[in-house]
Amino acid sequence: MQAYTIRITRASRNGRSRTRRKENTMNQRRFPRPAVRGAHRDLDRNRPQGKDPSERPQGKDPSERPQGKDPSERPQGKDPSGRPQGKDPSGRPQGGTKTPPARPDDPGAGEATLQPGLKPVLELLERDPGTIDTVFVRKGRKGADTDRILDLARAAGVRFSLVDDAFLERLYSGRHQGAIARLFAAGFHDPADLLEKACDAPLPLLLALDQVQDPGNAGTLARTLYAMGGAGLLVPRHNGVYLGAAAARVSAGALGKLPVAKVANLGQALDEAEKAGFTLYGAWSGPGPDPSRIADAFTFIPRLPAVLVLGGEDAGLRPHIAKRCASLVRIPLAREFDSLNVAQAGAIIIGAFAARGDRAAR
């Protein structure tokens, strides 16, 4: 039962209004409460007053769909997952995805093959130092094993680096005892052996990488050199590219078959190659320091055996390396363009050596 009040206003004889109140009650039809525990409210109180609860809004058929849009239609410019078109599922723009730098502790990134632990690193240095790229040792660590590791690395010409705990933890998250060896699975060759056996290759050409840093570029160059019959790679020990799994993957297996030598000093290694009868060439772009030393990549006649030196991605050949080269090979571009990257330029020049190499002058 619900009570309500009605105000009735009437004009009196003297012109003044009189108001009287009339209270009334009406019986309203009550609906059964919902058979749900905790539902304490009457459904009538949730419905707007003055309307029949059974009535549907006039003018619209609830079975009708809104006009002008089909709910089965997908919004334009988006795929079914709701992502904007023009991006892949990772959210990167298509057509120019950039590979993020790989973390050393991420095996899926293809960057590091590691041997952690003091004893394992020590045994590896004693048994097979040629498979080690770099040894990382905790800075300030003292002990007989640590001293022995550093002594063996110096004796074998293996690069070592003293680093802090944070670096080692990023490199390897497990137990490492303050020593980790980063490996080159194929193993390094002795530079003297590489020079001696180079003339036995179908193309007696060695490729020297002067501070090339990108494993992708190194892997591409190794793949091209091996396919063209090249003799091997020379890589500097310091500021040289790491030929790990990323480079091996790009090389399509060529790094496992192509001899690679790591040298302590690239300038001295080039001097030794020149004494052994190798002609030194450097890849060059832009005007040369001496026009008489510039050779056109499409017309020059190379002399073999030879060493072709490729400079780093940013600075190119270092001056003291460029001055050791008998000729600087430049690729003439048919259009105005910045430059080719080191892997593209190297592939073109390696092809020129393979096409016009004077093999009679070995």
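Leaving aside its neighbours within four places in sequence, which residues is threonine 131 in contact with?

## Threonine 131 and its surroundings

The list is Leu124, Leu183, Phe184, Ala185 and Gly187. Keep in mind that this is a predicted model. Threonine 131 sits in a loop, with helix H2 (118–127) on one side of that loop and strand E4 (132–138) on the other. Being in a loop doesn't leave threonine 131 out in the open: the cut-off for buried is under 20% relative accessible area, so at 15% threonine 131 counts as buried. Its side chain also reaches the backbone oxygen of aspartate 128, at 2.9 Å.

## The chain as a whole

Stepping back, the protein chain has 362 residues, and 35% of them count as buried. You'll find 10 helices and 13 strands in it. Of the contacts with a separation of 6 or more, 75% are between residues 24 or more positions apart.

## A seven-stranded parallel sheet

Now for the sheet. Seven strands make up an open sheet with parallel pairing, in the order E9-E8-E7-E12-E10-E13-E11. Strand E9 (260–263) and strand E11 (294–296) are the edges, each pairing on one side only. On average, neighbouring strands are turned by 30° against each other, direction ignored.

Helix H8 (residues 266–275) packs on this sheet, where it touches E7, E9, E10 and E12, and its direction makes about 160° with that of E7. At the E9 edge, E8 and E9 run parallel and share four bridges; leucine 233 stands opposite valine 260 in E9.

## Strand E10, walled in

How much of E10 is buried? Five of its six residues are, so the strand is largely enclosed by the rest of the structure. E10 has a parallel partner in E12, with four bridges between them, and leucine 280 has valine 307 in E12 as its bridge partner. E10 is also joined to E13 by four bridges, again in parallel, and here glycine 282 stands opposite leucine 328 in E13.

## The nonpolar cores

As a general point, nonpolar side chains in soluble globular proteins tend to be buried together. Here, the largest nonpolar core has 37 residues, and the members touching the most others are Leu207, Leu209, Leu233, Leu243, Leu308 and Phe353. At least two residues each come from strand E7 (205–210), helix H6 (215–227), strand E8 (232–236), strand E10 (279–284), strand E12 (306–311) and helix H10 (342–356). H10 gives the most, with seven residues. Apart from this core lies another, of 24 residues, including Ala198, Ala261, Val263 and Leu280.

Leucine 207 is a good residue to click on. Beyond its neighbours within four places in sequence, leucine 207 is in contact with Leu221, Leu225, Gly232, Leu233, Leu234, Leu308, Leu310 and Ile350.

## Helix H6

H6 has 13 residues and reaches 18 Å from first C-alpha to last, close to the 18 Å expected at 1.5 Å a residue. Its N-terminal end is capped by aspartate 214, which has a side-chain oxygen 2.8 Å from the backbone nitrogen of glycine 216. After H6 comes glycine 229, with a positive phi near 90°.

The buried residues in H6 include Pro215, Asn217, Ala218, Gly219, Leu221, Ala222, Thr224 and Leu225. Among the elements covering the buried residues of H6 are E7, E8, helix H7 (245–250), E12 and H10.

## Helix H10

What span should the 15 residues of H10 have at 1.5 Å a residue? The expected figure is 21 Å, and the end C-alpha atoms are 21 Å apart, which agrees. At the start of H10, asparagine 341 has a side-chain oxygen that reaches to within 3.1 Å of the backbone nitrogen of alanine 343.

H10 lies across E7, E10, E12 and strand E13 (327–330), and runs at about 165° to E12. Its buried residues are Val342, Ala343, Ala345, Gly346, Ile349, Ile350, Ala352 and Phe353. Those buried residues pack against E7, H6, E10, E12 and E13. Two of the names are ones you've met already: Phe353 is among the core members that touch the most others, and Ile350 is one of the contacts of leucine 207.

Notes
Residues numbered from 1 in each chain as written. Predicted model: local features only at pLDDT ≥ 70, side-chain atom pairs only at ≥ 80, totals over all residues. Heavy atoms only, no water. Core = buried A, V, L, I, M, F, W, Y, C linked by side-chain atoms within 4.5 Å. Buried < 20%, exposed > 50% of the residue type's maximum accessible area, 1.4 Å probe, protein only. Contact = heavy atoms within 4.5 Å. Pairing = 2+ DSSP bridges. Axes fitted to C-alpha atoms, helices over the stretch in contact; angles between N-to-C directions. Polar contact = N/O pair within 3.5 Å; in protein donor to acceptor, adjacent residues only side chain to side chain. Expected span 1.5 Å × (residues − 1).
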